[in-house]
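The exercises below are meant to be worked with the sequence and the coordinates open side by side. Each consists of a task and a solution that proceeds step by step.

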Amino acid sequence: MANKVFVTGMGIMSAIGNSVEETLYSLSNNRSGIEKIRYLETSHKDNFVVGEVKLSNKELIELAGIGTYNRTTLLGYIAVREALKMASITDMKEARTGFISSTTVAGMCHTELLYKGFFEGKNNENFMDHHLNGVSTNDIASHFGIRDYVTSISTACSSAANAMILGARLIKNNILDRVVVGGVDPLSKFTLNGFNTLMILDNEWSKPFDENRKGLNLGEGAAFLVLESEKWVKEKNKKVLAQLIGYGNANDAFHQTASSPEGHGALLAMQKAFKVAGITPDQIDYINAHGTGTPNNDASEGIAMQTIFKNHVPKFSSTKAFTGHTLAAAAAVEAVISILAIQNSMIFPCLNRKEQMKNLTITPVDTLEKNVSLDYVMSNSFGFGGNCSSLIFAKN
Amino acid sequence: MSDQNYITSFCSIKSSKVCINSHIDYSESSQVSSIDFLKSAYKHYQLAYPKFYKMDSLCKLALITSDLLLKTNKITENYNKEEIAIVIANSVSSLETDVEYQTTIDKNNYFPSPTVFVYTLPNILLGEIAIRNGIKGENTFFVFDKFDAGFMSSYINSLLNNSRAKCCITGWVDFYENKVESFLYTVEKQPGIMNIEHTSEQLTKLYTNQ
Amino acid sequence: MDALIDKLKGEIIEQLNLEDLKKEDIDANAPLFGEGLGLDSIDALELIVLLEKNYGIKIQDPKDAKAIFTSIQTMADYIKANQK
């Protein structure tokens, strides 16, 4: 398959900024977006720190300027708008264009406010209309007039990686010329309570890859990439940000939520990504790890990295201590961060780390590194249900 | 190698009926509730997998359908577990369990259940099928308005022709109120005894006949 | 004590959806995890909810759960020692 897949645009909304530019500024100045809960209405307000997008729903409605929608659609819309602008795309009809989005909570942030009233017959709004996963995808696509291919993926925290894999395949198989891919997940009481019952939240700042890590901080956000075919990029003489050269997905087949101790699913996903990319592990310059900060994930992922890279694990870090874990958006948020790393020759650090993990021999990058030339960057994302995905981006 | 792929077995559960490769294999009166039907089917087929009872309804439906489907073929023996993909779609995501979970975070009765929360992700059903059979291939979950034979056939064909996956367990599993149906099938590169090409037309025919 | 153990067996069967099992199938001293009942980490979290809901006992650190949930007997001992 000759058709290469290029990234020509990206857009992001997260706790560390409402644009790519703001995101880069926070990352290169060690500014985490994890704070006490400011916007989410919950009785847990003082118990947790989270990575909220620093805008209220009202402010988001103003920024988006498309009318009243739930937080999922608004965050997604603003990020897609930025990505399309960066890729200089205005006319949807000039090429076969698709939109693949992913979410785990969809309209739950809105639905849960209406939920009580719905069953008590207090409001007439049909919450089903806003709840389903496909709705925000369709709303966003129709706002931009994307019609050739629109679909929603739901595989938990690896969702956006799988959206990117599908998008890359559609371009390689000459079904689309370009496709906007990514994910969006707003914070909701639903997920906050859920992760709390799983006892994998850290009440303080999370410490990925630290011996004393206690759990993750939840975040929210949206991130989208514009992928375009080599043919279309050449024809239009477009500016390229990076190339998506490798990807792989596998199931860990171990447990509903826990990763296997040896990280077999992660290992298989990385192996497949190398095969698709046609490069060897020693060519990777940096890995943006899944690194949630839970005892289970970081141990399992670390072992998988040690296995596949043998004694030569490249530089790696988790950037979740900046953004929080943005669930279905996480792989897209981290794809944007990986490309920013390539473009700016920087490795963004694993924050809050103090003590070396005892069951690992490897240590993440924990202070900002500048002037490091990055040709190949790997980004890992793993989800509940054993869904493991790995992506490889190249500079050229 | 030809790019043509074949549907080699299929199984559906709908309206208190289990159909395997087009024949009704087990049924009960349509009066019985969907969840009771699943439990009696589990007992009838002696599936002997105690974890079944812990799953939410969507996963129970997916697990029984996939178990019966895989009994009709030798996929898990004939292929390396890393070469078997699972791609499933539905329309309601995990809504049944989302609603159940929402009631447990009600302020007056605040005891949210971790088990219920885990099942508020539709792709957990992929994980359950993978765990049950040790399948480690690629797996994806889509959400559509309705069963989309065109999408499924082109997506799965492309997956088998362009990736390491050599066969795929795929189809549709919905569980919400009165919208309860499953239709899973296997796709392989060889025609098998059925010799049904995996095209949008054939798939539409099979799905509507269930 | 025996009454508490009997009650716990019923509650565990219900809370963990162990529909295949009856109270008399469960040995109070058999391990709950791994061998024995074969429970997993999510079940452990579910038992933490059970202790809070039915006995008003809160376990803050999941690491403590392992010792408490060794068997039904150890659970009963813990409830007796900690119930207000």
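**Exercise 1.** Describe the fold pattern of chain C and decide which radius of gyration a compact globule of its length would have.

Solution. Read along the sequence, chain C has the pattern α-α-α-α, with four helices and zero strands, where helices (H or I, at least four residues) and strands (E, at least two) are DSSP runs numbered from the N terminus. The model is predicted, so local features need pLDDT of at least 70 and side-chain atom pairs count only at pLDDT 80 or more, while totals for chains, interfaces and linings use all residues. Residues are numbered from 1 along each chain as its sequence is written, and chains are lettered from A and ligands numbered from 1 in the order in which they are written.

Next comes the size. A compact globule of 84 residues would have a radius of gyration near 12 Å, and chain C agrees because its value is 12 Å; the radius is taken over C-alpha atoms, and the globule rule is 2.2 Å times the number of residues to the power 0.38. The C-alpha trace of chain C spans about 30 × 25 × 20 Å along its principal axes.

Finally, 26% of the 84 residues of chain C count as buried, that is, with 20 or more other C-beta atoms, placed from the backbone, within 10 Å of their own.

**Exercise 2.** Trace the pairing of strand E5 of chain A within its own chain and across to chain B.

Solution. Within chain A, strand E5 (residues 149-153) pairs with strand E4 (residues 97-102) in the parallel sense over five bridges, pairing being assigned if DSSP finds at least two bridges between two strands. One position to inspect is Phe99(A), whose bridge partner in E5(A) is Val150(A).

Across the chain boundary, E5(A) runs antiparallel to strand E5 (residues 139-143) of chain B, and two bridges join them. In that pairing Ser152(A) has Val143(B) as its bridge partner, and Ile153(A) stands opposite Phe142(B).

The wider contact takes 37 residues from chain A and 35 residues from chain B, two residues being in contact if their C-beta atoms, placed from the backbone, lie within 7 Å. On the chain B side, H4 (95-104), H5 (114-118), H6 (124-133), E5 and H7 (149-162) each supply at least two residues.

**Exercise 3.** Establish how the two domains of chain A meet, and where the largest nonpolar core lies relative to them.

Solution. Begin with the bounds, which come from an automatic or database domain assignment: domain 1 of chain A covers 5-236 and domain 2 covers 245-394. Their C-alpha centres lie 20 Å apart, and 60 residues of domain 1 are in contact with 53 residues of domain 2. Helix H7(A) gives the largest share of the domain 1 side, seven residues.

Then examine the core, defined as a set of buried Ala, Val, Leu, Ile, Met, Phe, Trp, Tyr and Cys residues joined through C-beta atoms within 7 Å. The largest has 206 residues, and among those with the most contacts inside it are Met164(A), Phe224(A) and Val336(A). Helix H13 (residues 330-344) of chain A gives the most to this core, with 11 residues. Both domains of chain A give residues to this core, so it lies between them.

As a check on one member, Phe224(A) touches residues including Met10(A), Ala79(A), Val180(A) and Ala332(A), not counting residues up to four places away in sequence.

Terms used: A residue is buried if 20 or more other C-beta atoms lie within 10 Å of its own, exposed if 12 or fewer, and partly exposed in between; C-beta atoms are placed from the backbone.
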